[in-house]
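Me: Hey, I'm new to this one. Can you walk me through it?

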Amino acid sequence: MNSSTNQVYPVIWHNNSVSLIDQTRLPNEYAFVEIHRCSDMAQAIKTMIVRGAPAIGVAAAYGMYLGAREIETSDRNQFLNQLDKVAQLLRTTRPTAVNLFWAISRMLKTAYETFGTVEDIKQTLLNTARSINAEDLQTCYAIGDNGLKVLPQTPEKLTILTHCNAGALATAGYGTALGVVRSVFREGRLARVFADETRPRLQGAKLTAWECVQEGIPVTLITDSMAAHCMKEGLIDIVVVGADRIAANGDTANKIGTYSLALVAKAHNIPFYVAAPLSTVDFSLSHGNEIPIEERNPEEIYQIGDTIITPTGAEFYNPAFDVTPAQLITGIITENGVFAPGELTKSRIKQFA
Ligand code: MRU
């Protein structure tokens with residue numbers, strides 16, 4: 001965290017290695033893990049030391065550079081061959097967030113298109129990883145400000161409900177859904193954020209609440225099952241969530257529980273927005289049912305801390321994401337503007353090829 005501004009940067013290039021905020025230890029401990037090798041970066045992504053789609057993309061980009069740095073040959077073809085293996089290792093870390101695959105492809109493309117020595121390619125890869133990091137931060141600022149355009153027109157301050165953590169910790173900094181919250185707060189239009197705790201890993205309770213408290217953003221934490229009741233009570237003006245992968249038709253994969261939130265928002269006539277960078281849109285998939293959904297260890301359900309909370313003999317199902325159909329989404333807030341889910345192709349003008 002930058003102590004003068006309270007800004008949170010989860011992935012930092014520093015002293016020839018990558019510093020990651022260890023998100024598994026927040027909010028009790030604010031600690032960094034130093035990553036020097038590609039295999040350690042892969043492990044950090046798998047174990048969610050770094051998590052959140054855009055942050056995973058940035059981490060993977062640096063992972064590609066770290067892997068490139070470990071390759072010892074000076075022969076270009078051998079180097080590119082081994083770099084493909086580095087890419088393959090990083091691709092196996094988490095399946096749903098498309099930013100991972102997007103960043104790896106961009107790094108590989110850079111390597112293949114850079115001429116000169118292997119050392120030149122390595123330097124270009126580092127520059128590209130740093131660009132991906134810097135661009136994501138600018139993208140988040142733009143998303144936050146574009147979010148201001150969709151606010152309900154009322155003189156009252158607004159209450160925004162969000163799910164999981166789509167904040168600075170989940171991006172290069174500032175956040176997507178929480179970026180919108182930050183921009184609304186900065187404009188003096190935020191009454192408070194309602195944050196779902198987000199079972200089973202509690203990213204809302206642990207991370208979103210932490211980010212809000214750091215910045216003095218009023219935050220009320222609720223359990224996931226309370227969202228419908230809060231909407232019925234008239235406590236929520238607008239829902240804004242992040243995304244892990246958006247299909248071309250606007251169907252959106254995000255943290256498990258997002259789909260039910262969209263259904264109850266619809267039932268209460270509350271606008272439901274997805275805030276995400278265009279690197280989260282996967283135009284190769286026409287529908288959300290093609291998005292791979294990660295299934296994680298059932299331990300995340302049956303154990304809290306060191307305590308097993310369920311009876312022996314129960315079985316478990318632990319999908320980490322769900323897909324919200326496009327028709328439940330009011331709009332998708334991107335760095336290029338706000339799009340109806342069915343009009344996402346119009347957003348491609350400035351997109352990385
Ligand atoms: O499993 P996680 O914590 O990586 O899931 C994170 C989310 O689902 C976020 O909402 C999404 O990645 C958007 S982050 C800007």
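Reply: Sure. One term to start with: a cavity is a set of grid points where a 1.4 Å probe fits but cannot get out, and a molecule sits in a cavity if more than half of its atoms lie within 2 Å of its grid points. Also keep in mind that this is a predicted model.

Me: Okay, so where does the ligand sit?

Reply: In the largest cavity.

Me: And why does the ligand lie between domain 1 and domain 2?

Reply: Because both domain 1 (11–141) and domain 2 (153–351) give residues to the shell around the ligand.

Me: Which residues come nearest to the ligand?

Reply: There are 18 residues around the ligand, and the nearest are Ala53, Arg94, Asp244, Asn254 and Lys255.

Me: What about Arg94, how does a polar side-chain atom of it lie relative to the ligand?

Reply: That atom of Arg94 is 2.8 Å from an oxygen atom of the ligand. Ala53 uses its backbone instead: an N or O atom there lies 2.8 Å from a ligand oxygen. Gly52 has a polar backbone atom 2.9 Å from an oxygen of the ligand.

Me: How much of the ligand does the protein bury?

Reply: 100% of the 410 Å² that the ligand exposes when taken alone.

Me: Which elements each supply at least two residues of the shell?

Reply: Helix α2 (53–70) and strand β9 (252–255).

Me: And how do the shell residues divide into nonpolar, polar and charged?

Reply: Eight are nonpolar, six are polar and four are charged.

Me: Switching topic: which residues does a cis peptide bond join?

Reply: Arg199 and Pro200 are joined by one, with omega about 0°. Pro200 is in the loop between β5 (190–196) and α7 (203–215). The bond from Leu26 to Pro27 is cis too, with omega near 0°, and Pro27 lies in the loop between β2 (17–21) and β3 (32–35).

Me: Last thing, what is the phi of Met48?

Reply: Positive, about 70°, although Met48 is not a glycine. Met48 lies in the loop between α1 (38–46) and α2.

How values were computed:
Residues numbered from 1 in each chain as written. Predicted model: local features only at pLDDT ≥ 70, side-chain atom pairs only at ≥ 80, totals over all residues. Heavy atoms only, no water. Near = heavy atom within 4 Å. Polar contact = N/O pair within 3.5 Å; in protein donor to acceptor, adjacent residues only side chain to side chain. Areas by Shrake-Rupley, 256 points an atom, 1.4 Å probe, with all protein chains shown as cover. 1 Å grid on protein atoms, 1.4 Å probe; cavity = no way out; pocket = protein on both sides within 12 Å on 5 of 7 lines; lining within 4 Å. Helix = DSSP H or I, 4+ residues; strand = E, 2+ residues; numbered from the N terminus. Nonpolar A, V, L, I, M, F, W, Y, C, P; charged D, E, K, R; others polar. Domains from an automatic or database assignment.
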